[in-house]
Every structure is written in C-alpha cells, then in structure tokens.
Amino acid sequence: MVLFITLCIPYDGDFTWNSMSGRSVRLKSVPVQSLSELERARLQEVAFYQLQQDCDLGCQITIPKGKGLISLDFFFIPQILSSSSAFGMPLSQVIANDRAYKLKQDSQREEQKDVSDFVAFLLPFGTKRQNKELSSSNSSLSSTSETPNESTSPNTPEPAPRARRRGAMSVDSITDLDDNQSRLLEALQLSLPAEAQSKKEKARDKKLSLNPIYRQVPRLVDSCCQHLEKHGLQTVGIFRVGSSKKRVRQLREEFDRGIDVVLDEEHSIHDVAALLKEFLRDMPDPLLTRELYTPFINTLLLEPDEQLSTLQLLIYLLPPCNCDTLHRLLQFLSTVAGHAEDTRDKDGQEITGNKMTSLNLATIFGPNLLHKQKSTDKEFSVQSSARAEESTAIIAVVQKMIENYEALFMVSPDLQNEVLISLLETDPDVVDYLLRRKASQSSRSILPITQTLPKKL
C-alpha cells in the first residue's frame, strides 16, 4: 500500500501537510492538551532532543522518571482503588484515585437511573391494571377507566446511550471526522510496524491513544482554584493571611477520605488557600520534578529571548499529569496577579486589589513547585548564602512562568511538524489519521475559502 503523505515547507516557515486523501493541512499553534496521547509522548522526545542539541544549560538533562502517561485502564488496578488519599502521594496516584472515585460515582448514578427508568417503564402498566380492577368493580366507570389518558401517563424516557468514553477522554473532535466510523475504529487499532526501534517502545506506543487524553488535574487543585477565582480575587493578601489550622485539617481529611467536597462561600478564602499550598508542599516529588531542578534554574543564564523557549521545552519534558496541573495552577495564579492592583468599576467606585503581584505569588509558590531533596539543618546553615541565591532564582523562574503561561503551553507548528515527521518514519497511517482530524478541526473553526467566494456564472 502506497501512502501519499507529503510535507510542503514554504520559505516563510509555514508547515503544510498533504494527507492521503489529498487534503492540505496547514499546521497552527495549538494547546498541548489538544494533542493526542501518542503525540504528547513524541513531543516529549522531540523537546528532549532539541534541549540537548540547541540549548546550552551547562547541566545534564534527563526526562523525569516515574509514571508519565496514566494508562487508560488504570482504574482496573486494585491497589489504586484501595485508596483515595490526596496528600503526600505521587501526583499520578492522586489523579488515578480521583478518576476511580469519579467512575464509581458515575456507576452508582447509572444504576440509580436504570432503576428509575425501570420504575417509570412499569408505572403505566400498574396504572392500567389498577384501572381494570376499578372497572370490574364499578361498570359505570368502565368507559373512562379502561382507556388511560395519554396526556397524564408518564413518558418513558429513552434509554441513555451505553457508550462511555474510555478514561473520560475528549473524543468529540474525532467523531466529527468526514470519514465513517469504520475508519475511526481502524485508526484506533493501528499498530506499529516491525521496523520499530525496540520492543519496549513498540509495546509502549501500542498502548498510547490517538485521542487527546483527559485533563490530568487533581480534583483538590481544581476545586481550590475554582473557589478562589470565584470568591477570593479581591481578598487582600490572599495566601499571606493566616488560616484556621483546625478547619484546614478537616478539609484535608475530607479530601483524603474521598468525600465529594463542595467548596462554597461558607468556606474561608484563607483556609482554601492554605489547603492548596499544603497539597503542593506535601507532594513527594515537586510539580516541576527534581530531575529538572537545575535545568529550570539555569534558564536564567540564557539570553532573555531564549529563556522562554527553553522553559517551554522543559515543560514538555514533564509527565502529562505534571504538565496539566502546572497549567491549571499558572492559569489561576495569573488570574490572581491580574487583580493585584486597585481599579474602579463602571460607576467610578474603587475596587481594592489583592496586592498579590506575580512576584509575590512566585515568592510563595516557588519553593513548593521547584526544589531539591530536603537537606539537614547542618547543611542548611553551611549553605545558607547559596540557598538564598537559589531561592532568588526559583522565584524568578516561577514569576516568568506566571507572566507567560499562555505561550508556554502552546505547541508551535515547528514542533508539531517534528512530531509528525517522527511518526511518519514508523506510522504513516497514524499520521494520515491525525492529519484528517486536524483538517476536520480547522474546517469547523474557519469556513473554507470556496464558501466565501461568489459562484461563477
């Protein structure tokens, strides 16, 4: 089978691919979360190669160890289901627990709905039987009771669709493809050819989905950020004012027990802020990982125009759960910083800012996001000056992330092109599938040129 997939690179740096069907796909910057599971794994490899070849950070760079992509079948693992803890556990484990808890809740709701549907289905028959009994005992009512009024009979709801999204993945964009579903199933079952680099890589890539993976953000982090965005943006000194240790401990225990905690206006802003800080502080491995501590710090040695692009590549090295959680946190911190200054409403009334600039936020969160193995008190006293210097560097790195978070999580056409070229060497059929999906997404967001031009007479 000959696959006609070509790449055209104009002189302006644009990247355009032609799929087997002849459709031309122009690559555009996209959020990293929109990439498929397989693409994100290859993006990690591409970023690692570029960091080694093009970035002189003066240190060794390694891809963080541990669980990168959470398996789509993780919720079938008994040891994960046995615990619902959130604090002091690896991030991937916390997210796995959240997913298992949600699946359990969804299953219970489905069972309850099935029972309700069954009762609603049987109710009309019970009404008919009762009416028949009444008609046999009172013949004068037979004309009205034997024929139930359709307008008063409960409607039997249509059964809910049984198809469920594996791992709660976002697959809406895939099901909207032009080709029929058989092509979709064919694409999802694609396997690597015999020329793959190694059996290990071959087995790994076979397990990776061609769909975007679900957003891997702990329920606690998302709940805290949503609560503070809704109720705390105008709170002066948020994250600086003390909280109630008793209430924070109670919230912590509720999340650890897997209780579906709903944070509302009754919860103290400062308690929720303290809870978020505690979660990040107690992670066994910091969000930016210990392996990348020195590379992140050494980005400050680069020229200003190179710092941002290097930070972006380092972020792509993070496991998806770390990357997605970092994105949610930086998005939240950027929103908080946007409300730091005093402003005025439409009526001219002064609105007090929260005074939490990006520098203040980086000062508070930096040591929790980026740090090395904890040292002893003796080592701390000996290296106090060096630690102070490192602390300043940590704050500077995190501040730059807060101020540029949107750009850091957008994947450029250049990087996407490198990912597709990497896949083309081993999986041309996968590349064609991804190109068709990208073309489908573009056609929904932008009208084809042929629809904007007048028809020829």
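**Exercise 1.** Against which helices do the buried residues of helix 9 pack? Work from the predicted model, and establish the span and the buried face of helix 9 along the way.

*Solution.* Begin with the span: helix 9 comprises the 12 residues 245–256, which at 1.5 Å a residue should extend over 16 Å, and because its end C-alpha atoms are 16 Å apart, the expectation and the model agree. Next, list the residues of helix 9 that are buried, namely Val248, Leu251 and Phe255. Viewed down the helix axis, these buried residues fall within an arc of 60°, and therefore they line one face of helix 9. This spacing can be read against a general rule: an α-helix has 3.6 residues a turn, so residues three or four places apart point the same way. On the other side of helix 9, Lys245 and Lys246 are exposed. Finally, the buried residues of helix 9 pack against helix 8 (219–231) and helix 10 (269–281). Just after helix 9, glycine 258 adopts a positive phi of about 85°.

**Exercise 2.** Determine how the span of helix 12 compares with its expected value, and identify its buried residues.

*Solution.* Helix 12 has 14 residues (304–317) and should span 20 Å at 1.5 Å a residue; its end C-alpha atoms are 21 Å apart, which agrees. Its buried residues are Gln307, Thr310, Leu311, Gln312, Leu313, Leu314, Ile315, Tyr316 and Leu317.

**Exercise 3.** Describe the largest nonpolar core and the surroundings of phenylalanine 365.

*Solution.* The largest nonpolar core has 97 residues, and Phe365 is among those with the most contacts inside it, as are Phe239, Leu276 and Leu329. Leaving aside residues up to four places away in sequence, Phe365 touches Phe239, Leu276, Lys277, Leu280, Leu329 and Leu333.

Technical notes: Residues are numbered from 1 along each chain as its sequence is written. This is a predicted model: local features need pLDDT of at least 70, side-chain atom pairs count only at pLDDT 80 or more; totals for chains, interfaces and linings use all residues. Side-chain values use heavy atoms; hydrogens and water are left out. A nonpolar core is a set of buried Ala, Val, Leu, Ile, Met, Phe, Trp, Tyr and Cys residues joined through side-chain atoms within 4.5 Å. Buried means under 20% relative accessible area, exposed over 50%, partly exposed in between (1.4 Å probe, protein chains only). Contact means heavy atoms within 4.5 Å. Helices (H or I, at least four residues) and strands (E, at least two) are DSSP runs, numbered from the N terminus. The expected span of a helix is 1.5 Å times one less than its number of residues. The arc is that of the directions from the helix axis to the C-beta atoms.
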